[in-house]
Amino acid sequence: MAFVLFGVSVLIFSILMTFSPERRALAYISSPQQVKDIPMIVKQFGLDDPFHLQYLRWIKEISSGNFGYSVVAGQPVWDAFWKYFPVTLELNLFTSPLIIIIGIWLGMQAGIHYNTSIDHTTRIFAIIGWSLPTFLFSLIVLMIFYGYFSVFPPGIISDEFTLFIKENPDKYTQYTYLFTVDGLLNGRLDIFWDALKHLIMPIITQVTVVVALLLRVMRSSMIEEISKDYIITVRAKGADHKTIYHKHAKRNALIPVVTVAGWLVAFSMEGSIAIEIIFTRQGIGWWLATSAVQLDIPVLMAVCLFFGLVYVITNLIIDILYAYIDPRIRLT
Amino acid sequence: MTETHPRLKELKFTFYRIFRNPSAIIGFTLLIFFIVVAIGAPYIAPPKYPHNPYRMPHKGFSHTPKPPSSEAIFGTTSGQYDIFYGAVWGTRTAFRIGIFVVGISMLIGVTLGTISGYYGGILDELLMRFVDVVFAIPMLVLAMAIVVAFGRGLDNVMIALAMIGWRSYVRVMRSSILTLRELDYVQAAKIMGVSNLKIMLRHILPNGIYPVLVMAFMDIGSMVIVAAFMSFLGLGAPKGYADWGQMVALARNYIVGPPDDPLKYWFAIAIPGLCIILFVLAWNLIGDALRDAFDPKIRRG
């Protein structure tokens, strides 16, 4: 695990090093007048040193929390990260449970009713969901719900509330920086409701796209379990529908699903980039894409490292979950 | 001569399985349609700039899209680029992206996966740890970083995607080699003194390649999606290039029309969007049917 993080940092740094020292020196200047100082900056910060020296220096900077300056955010990367992170977190806090519940339930139904109309319908849904790029789907959702019906607005929260929160720090405390949670904690149902309304379109998009993937995995693993001998035995004993599918088959069918969970998380993160760009939600994905377009390199490096960290943590959780759902792993 | 080669017989059965599947028929129909459009592009939409046919012709510079008319049958998008022309030539772009990226990724992935799985040992260990690292960053994120480092442009997007795409092929190829390596017929070939290279190429690869093939079909679709999204962001194809993702980007400010007619500019998004969806759908449907046809567990069912 630690090795993966180390590898990611080397990989990211190698990509960064493909820039010329002069190009990287630009990150240290803030006004056009300083351009003439570039050779000096290169010398001063040792930007033409050998790879390993620069890498070690970079790691040292990072471990003290200095990730550089983000031009897009107009503030240091570390501070900007904590500004953008809650937005992404909030969306995922809403979508993850929905994705898990809907995806597993639909996959189970498709597996139980293998080769019937239910199965075919979910199959069509899954294939279309898979073929529909997230950014296009977001645009379509935006077109329908914002353009045509104008029920749900894009963005994070209405301007009036942004202003209110900014101007009344004594009446409204930002405990978590999640607008829905803060709204409830402050007893401001209108803010909660407003934030939720801004969340609906991203939720619809994210859930649909990821569920389409999850349900296929659940379906095929369910079909495989149902055809095993122990299910035939249970059936022969006269157990009812609930015992066969929910108590026996579902538990075993979940194991392959947990295996692909890491992949689903990666897919959701990729999807959140498109969603945040199109629904103009200033989260990590939005920050990354904007930085890529505006060549804000420190941000790219930091966000890549962040995604590496998420990957490592996800895999750690998956390993723990394995032991929890599969006693064979726990007991050996 | 009633006896046919067993491999040929299996192949025939596979084709029979594939074409009994309705999704494969839809998929292949769509794919053939796109191939015809891609090949016939110079006849369907004669280029205005013969030396650079991927540049979309445009009449005027007005930002507002114009609805379909007799002059431009699909209408024009922002900047007055002809949507029909872009849709036709964009097919070629999509094929180029998909086949180049998946071809290179598959070549690298299958080669490394076969060698790593067959020989094992320290080489295998090192390679797999490297793949672990590459896997830790989502494709799109890593591709963005590489494109920023190499510079914008469709070619660089394709190179970046190929540089990352091989990672999944290595894993899939390696795992199927690991099981095949231990089978009796491979051991027998080894004892008979067949060279390692010949065992890999003749005895292991033909049996282990199926999961990779299924993945490749599915991958063409997802690579086209990623490339389209990067063009949409402005990292890929330049403005005015016949690329579906770029065309969606052109229309992006016109998702919502004037208040009295909110869906006025639907064609500017819907036509390039539909092209992407159908193209990806074609490959996914075929991939899905191939998986069912190749899967030994449900193959004879």
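This passage describes a predicted model of two chains, A and B, moving from each chain to the contact between them and then to selected helix pairs and residues.

Chain A contains 16 helices and 2 strands. Its C-alpha trace extends over about 85 × 50 × 35 Å along the principal axes. Of the 332 residues in chain A, 36% are buried. When contacts in chain A are restricted to residues at least 6 apart in sequence, 69% of them link residues at least 24 apart.

Chain B has 13 helices and 0 strands, and its order along the sequence reads α-α-α-α-α-α-α-α-α-α-α-α-α. The box occupied by the C-alpha atoms of chain B, taken along the principal axes, is roughly 75 × 50 × 40 Å. Chain B comprises 301 residues, of which 46% count as buried. Among the contacts in chain B with a separation of 6 or more, 71% are between residues 24 or more positions apart.

The two chains touch each other, with 37 residues of chain B in contact with 40 residues of chain A. On the chain B side, helix 5 (121–135), helix 6 (139–150), helix 10 (210–233) and helix 12 each contribute at least two residues. The side of chain B that touches chain A consists, by class, of 30 nonpolar, 4 polar and 3 charged residues.

The largest nonpolar core has 175 residues. The residues with the most contacts inside this core are A:Leu288, A:Leu300 and A:Cys304 from chain A, together with B:Ala143, B:Met144, B:Leu161 and B:Val224 from chain B. Helix 12 (residues 266–294) of chain B provides the largest share of the core, 19 residues. With neighbours within four places in sequence left aside, A:Leu300 is in contact with A:Leu288, A:Ser291 and A:Ala292 in chain A, and with B:Met144, B:Ala145 and B:Val148 in chain B.

A:Leu300 also takes part in a helix pair within chain A. Helix 14 (residues 284–293) and helix 15 (residues 297–325) of chain A pack with their axes 8 Å apart, at an angle of about 140°. Angles over 145 degrees would count as roughly antiparallel, and helix 14 and helix 15 of chain A are therefore oblique to each other. The crossing of helix 14 of chain A with helix 15 of chain A is left-handed. Helix 14 of chain A enters the contact through A:Ile284, A:Trp287, A:Leu288, A:Ser291 and A:Ala292, while helix 15 of chain A enters through A:Val299, A:Leu300 and A:Val303. These contact residues of helix 14 and helix 15 of chain A divide into 7 nonpolar, 1 polar and no charged.

A second helix pair in chain A is formed by helix 10 (residues 189–226) and helix 12 (residues 241–259), which pack at an angle of about 135° with axes 8 Å apart. This angle makes helix 10 of chain A oblique to helix 12 of chain A. Helix 10 of chain A and helix 12 of chain A cross in a right-handed sense. From helix 10 of chain A, the residues A:Val217, A:Met218, A:Ser221, A:Met222, A:Glu225 and A:Ile226 meet A:Ala249, A:Asn252, A:Ala253, A:Pro256 and A:Val257 of helix 12 of chain A. By class, the residues of this contact are 8 nonpolar, 2 polar and 1 charged.

Two further residues of chain A were examined individually. A:Pro76 belongs to strand 2 (residues 75–76) of chain A. A:Pro76 counts as partly exposed because it has 15 C-beta neighbours inside 10 Å. Apart from residues up to four places away in sequence, A:Pro76 touches A:Tyr69 and A:Ser70. The C-alpha atoms of A:Pro76 and A:Val299 are 9.4 Å apart in space, although the two residues are 223 residues apart in sequence. A:Val299 is also one of the residues of helix 15 of chain A that contact helix 14 of chain A.

A:Thr233 is located in helix 11 (residues 229–236) of chain A. With 11 C-beta neighbours inside 10 Å, A:Thr233 is classed as exposed. A:Thr233 and A:Ile244 are 11 residues apart along the chain, and their C-alpha atoms are separated by 9.8 Å.

Definitions and conventions. Residues numbered from 1 in each chain as written. Chains lettered and ligands numbered in written order. Predicted model: local features only at pLDDT ≥ 70, side-chain atom pairs only at ≥ 80, totals over all residues. Core = buried A, V, L, I, M, F, W, Y, C linked by C-beta atoms within 7 Å. Buried ≥ 20, exposed ≤ 12 C-beta atoms within 10 Å, placed from the backbone. Helix = DSSP H or I, 4+ residues; strand = E, 2+ residues; numbered from the N terminus. Contact = placed C-beta atoms within 7 Å. Axes fitted to C-alpha atoms, helices over the stretch in contact; angles between N-to-C directions. Parallel < 35°, antiparallel > 145°, perpendicular 65-115°, else oblique. Left-handed = near helix turned anticlockwise from the far one by under 90°. Nonpolar A, V, L, I, M, F, W, Y, C, P; charged D, E, K, R; others polar.
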